[in-house]
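Please walk me through this model in the viewer. Tell me what to select at each stop, and what I will find there.

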Amino acid sequence: MDHDSAHEPAHGADPFTAADYAARMAAAARSAADAGLAGLLISPGPDLAHLTGYRPIDTERLTLLVLAAGQEPVLVVPALEAPDAAKAAGAGALTLRDWTDGKSPYAVASPLLDAAGRFGVSDNTWALHLLGLQKELPTTSYVSLSDGLPMLRAVKDERELARLAAAGEAADAAYAQILHVPFAGRRESDVAADLAALLRVHGHSQVDFTVVGSGPNGANPHHEAGDRVIRHGDMVVLDFGGLKDGYGSDISRTVHVGEPTEEEQRVHDIVREAQLAGVAAARPGAACQDVDRAARAVITEFGYGERFIHRTGHGIGVTTHEPPYMIEGEELPLVPGMCFSVEPGIYLPGRFGVRIEDIITVTADGCRSFNNASRELAIVE
């Protein structure tokens, strides 16, 4: 079994230290207390990676980070995985407590919890494990982190921002190169494979998605690249991203095979204007929904409001989709260090779609973009 996942990703990025992880865990424990929670229970996945640098395979054996204000962080791990946990970048900032097969891991974990406490739990925690804790401590209660502490990973520090910027530059570079490959006469899946290869060439260790929606398939925002052969005259939506040095990229651009019609160019121009409006609305103190409203207002003004069928954006970090979300009803204020997509689109069923997306971060006086690839309608062959 490959346990390299216990180590910090390495493509030349400045490595995170035990002190970085200690600061994150302390901030998380304070945030939990401020939210009225007795603590946080963190299972393998993006929350654990963010807080400790440990990325184990998620199995039926309990691995659980217990965080609470006023107590040292403890990571409960299976004994056979303890050597790997000890190698994690953040291991020096926590205590390891192992358990052996044949013993109850919940008996090991439960003394670390306030028996009457309400705890925030990682969204992806197995029901098996949560039910095991409840059986051991029947007076505890639990809330998912999406509900109880949705902004746990939302505000990035400078070194996280540097990784996100590098991932954005890599996605830009992949886009610049894809414009020079043949489109007409090839399947969507062929172009998607080219995109995946280019992301890896530019340092991505993981490719999460390569949407290539040609012609009518572009009207499906999450179209999975298939066997449709791209034709001259097609509008093609490209949306691709993944992880570089553990942090996400996500970019969308729409290209055209040959010269576009006047209508196609006009729709693209509207989306481009909407995307710029969404970016301009991103500043400290604005609500998440203000970004959505700004982009949506432009598309609605031009009569395509009903054809913009998804939220304007999502957060990004150690995963390519995470809170906060730029959507109507989300009144959470933007603060410096939040990173998210701005990606309005127009989708005309049976005909074509257009989407333009950048990842941006909120700054002290506005925002800056991690994607700087041209937003003009590119012509491909």
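Colour the protein chain by secondary structure: ten helices and 18 strands appear. Keep in mind that this is a predicted model.

**The whole chain**

Stay zoomed out for a moment. The C-alpha atoms fill a box of roughly 70 × 45 × 35 Å along the principal axes. The radius of gyration is 22 Å, which agrees with the value near 21 Å for a compact globule of 381 residues.

Now colour by accessibility. Of the 381 residues, 55% count as buried. Turn on the surface: the accessible area is about 15400 Å², and 52% of that area belongs to carbon and sulfur atoms.

Next, show the charges. There are 31 positive and 53 negative ones, and their mean positions are 1 Å apart.

Contacts complete the overview. Among those between residues at least 6 apart in sequence, 68% join residues at least 24 apart.

**Stop one: helix H5**

Select residues 127-136, which form helix H5. Which residues of H5 are buried? They include His129, Gly132 and Leu133. Look down the axis: these residues cover an arc of only 95°, so they sit on the same side of H5.

Rotate to the face turned away from that buried side. Ala127, Leu131 and Lys135 are exposed there.

What covers the buried residues of H5? Show strand S1 (39-42), strand S2 (64-67), helix H4 (105-109) and strand S6 (141-144), which are among the covering elements.

**Stop two: Leu149**

Move on to the loop between helix H6 (145-148) and helix H7 (158-178), where Leu149 is placed. Is Leu149 buried or exposed? Its relative accessibility is 10%, under the 20% cut-off, so Leu149 counts as buried.

Display the contacts of Leu149, leaving aside neighbours within four places in sequence. The partners are Ala28, Ser31, Ala32, Ala35, Leu40 and Ser144.

For a link back to H5, draw a distance to Leu131. Leu149 and Leu131 are 18 residues apart in sequence, and their C-alpha atoms are 21 Å apart.

**Stop three: Asp245**

Select the loop between strand S8 (235-244) and strand S9 (247-248); Asp245 is found there. At 5% relative accessibility, Asp245 counts as buried.

Check the backbone here. Phi of Asp245 is near 50°, a positive value in a residue other than glycine. Most residues other than glycine have a negative phi.

Add Gly203 to the view. Gly203 and Asp245 are 42 residues apart along the chain, with 7.9 Å between their C-alpha atoms.

**Stop four: Gly248**

Step along to Gly248, in strand S9. Gly248 has 2% relative accessibility and therefore counts as buried.

Which residues does Gly248 contact, leaving aside its neighbours within four places in sequence? Show Leu164, Ala167, Gly242, Leu243, Ile316, Gly317 and Thr320. Pick out Ile316 from that group: Gly248 and Ile316 are 68 residues apart along the chain, yet their C-alpha atoms are separated by 6.2 Å.

**Stop five: Pro323 and Pro324**

Where is Pro324? Select strand S12, residues 322-326, to find Pro324. Zoom in on the peptide bond that joins Pro323 and Pro324. This bond is cis, with omega about 5°. Most peptide bonds are trans.

**Stop six: Ile359**

Finish in strand S16, residues 358-362, with Ile359. Ile359 counts as buried, because its relative accessibility is 3%.

Show what Ile359 touches, not counting residues up to four places away in sequence. The set is Asp250, Ile316, Phe340, Ser341, Arg368, Ser369, Phe370 and Asn371. Ile316 appears here, and Ile316 was also a contact of Gly248.

One last distance: draw a line from Ile359 to Cys288. The two are 71 residues apart in sequence and 14 Å apart in space, C-alpha to C-alpha.

Terms used: Residues are numbered from 1 along each chain as its sequence is written. This is a predicted model: local features need pLDDT of at least 70, side-chain atom pairs count only at pLDDT 80 or more; totals for chains, interfaces and linings use all residues. Side-chain values use heavy atoms; hydrogens and water are left out. Helices (H or I, at least four residues) and strands (E, at least two) are DSSP runs, numbered from the N terminus. The radius of gyration is taken over C-alpha atoms; the globule rule is 2.2 Å times the number of residues to the power 0.38. Buried means under 20% relative accessible area, exposed over 50%, partly exposed in between (1.4 Å probe, protein chains only). Contact means heavy atoms within 4.5 Å. Accessible areas come from the Shrake-Rupley method with a 1.4 Å probe; for residues, only the protein chains shown count as cover. Lys and Arg count as positive and Asp and Glu as negative; His and the chain ends are not counted. The place of a charge is taken as NZ of Lys, CZ of Arg, CG of Asp or CD of Glu. The arc is that of the directions from the helix axis to the C-beta atoms.
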